[in-house]
Amino acid sequence: MPPVTALDPRVASVIDWFAREARDLPWRRDDCSAWGVLVSEVMLQQTPVARVEPVWREWMARWPTPADLARASQADAVRAWGRLGYPRRAKRLWECAVTLVERHGGDVPRTEDALLALPGIGAYTAAAIRAFAYGERDVVLDTNVRRVIGRAWRSQPLPPAHLTRSERSHAESLVPADAVASVAWNAGAMELGALVCTARSPRCADCVIASDCAWLAAGSPGLEAAPRRTQAWHGTDRQVRGRIMALLRASHAPLNITGQASLEDIEPGQLDSCLASLVSDGLVTVADEERGLYSL
Ligand code: SF4
């Protein structure tokens, strides 16, 4: 990634704002391990901070190192995931811990290639671990950062559904050359997007870069017309899968899922297909096929 020569004033303002306003989150503290950062990034991928923080604390108290988690069972990890949603992440995190022990002596590696080779770690998470655990200069592009850059620089109400090449190279050009400043920019832009420049109700009056925001200057066009990407929840396969997982998490003995009174409102075909998908994802085990018993 080529270093930039001058710091964009909006970048400098976001860095200053973050130094004043950053939330005190446990995975941002100096004493947080690289493993703690990795766990936080996986949990935060699809779940808000407020729901992640208590689970992260419990998780780190129970499994403070990859070796601790690797010694536990996959079912323990899925159970401890609680209601964070998308439980495949718990399975991948457990697999990641096992791989860290097998290939890296229980440490979290620092290079992009080594991180990308771990289960459950994609380009975003690898960059976030390098930046926030190791202080490396990298481009950390989550949906919050993309929205801030899209609005303030590119006058877009919302970024495109998928990251484009031009968006990425523009984001790279904004990253300060200095590693410490680059980390503060990455974290600050993420925080600004999460707290101020939110998807549907940006608080431009409170925004530190409002005077230089291209989208605000253009009159904030197009947000009402932009497609919503949120899915309806009630009755979806995701909800049904979540209900099945909640029952299995709470039970330490195998359960007959299709015979549960609390799931009677679910259409049998949907219940069967959701159960089958959990089994094929490796999250649920068939304990006794003949009797229809399942467990984590
Ligand atoms: S001024 Fe408004 S739209 Fe522009 S970056 Fe700030 S919050 Fe986002």
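The following legends describe close-up views of a predicted model.

**View 1. Confidence across the predicted protein.** The average pLDDT of the protein is 92, and 97% of the residues score at least 70. Confidence is highest in helix H4, which spans residues 66-71 and reaches a mean of 98. The lowest value belongs to helix H14, residues 268-280, with a mean of 89.

**View 2. The residues around the ligand.** The ligand is surrounded by Arg151, Cys197, Cys204, Cys207, Ile209, Ala210, Cys213, Trp215 and Leu216. Sorted by class, this shell holds eight nonpolar residues and one charged residue, with no polar residues. Because Arg counts as charged while Cys, Ile, Ala, Trp and Leu count as nonpolar, the charged member of the shell is Arg151.

**View 3. The cavity that holds the ligand.** The ligand takes up the space of the largest cavity. The count of cavities of 30 Å³ or more comes to one, and the largest cavity contains about 120 Å³ of space. Its lining is made of 15 residues, of which Cys197, Cys204, Cys207, Ile209 and Cys213 are the closest to the centre. These five also appear among the residues around the ligand.

**View 4. The lining of the largest cavity by element and class.** Two or more lining residues come from each of helix H9 (143-152) and helix H12 (214-217). Helix H9 gives the largest share of the lining, three residues. By class, the lining of the largest cavity comprises 13 nonpolar and two charged residues, and no polar ones.

**View 5. The open sheet of three strands.** The strands of this sheet are arranged in the order S1-S3-S2, and their pairing is antiparallel. At the edges are strand S1 (255-256) and strand S2 (285-288), each of which pairs on one side only. Strand S3 stands between S1 and S2 in the strand order.

**View 6. The hairpin of strands S2 and S3.** Strand S2 and strand S3 (residues 293-295) pair in the antiparallel sense over three bridges. Within this pairing, threonine 285 stands opposite serine 295 in S3. The two strands form a hairpin, with four residues between them. In the turn, glycine 292 has a positive phi of about 65 degrees.

Conventions
Residues are numbered from 1 along each chain as its sequence is written. This is a predicted model: local features need pLDDT of at least 70, side-chain atom pairs count only at pLDDT 80 or more; totals for chains, interfaces and linings use all residues. Side-chain values use heavy atoms; hydrogens and water are left out. A residue is near a molecule or strand if one of its heavy atoms lies within 4 Å of it. On a 1 Å grid over the protein atoms alone, a cavity is a set of points where a 1.4 Å probe fits but cannot get out, and a pocket is an open set with protein on both sides within 12 Å along at least five of seven lines; lining residues have an atom within 4 Å of a point. A molecule sits in a cavity or pocket if more than half of its atoms lie within 2 Å of its grid points. pLDDT is the predictor's confidence in each residue, from 0 to 100. Two strands pair if DSSP finds at least two bridges between them. Grid points are joined across faces, edges and corners, and a volume is the space filled by probe spheres set on the points.
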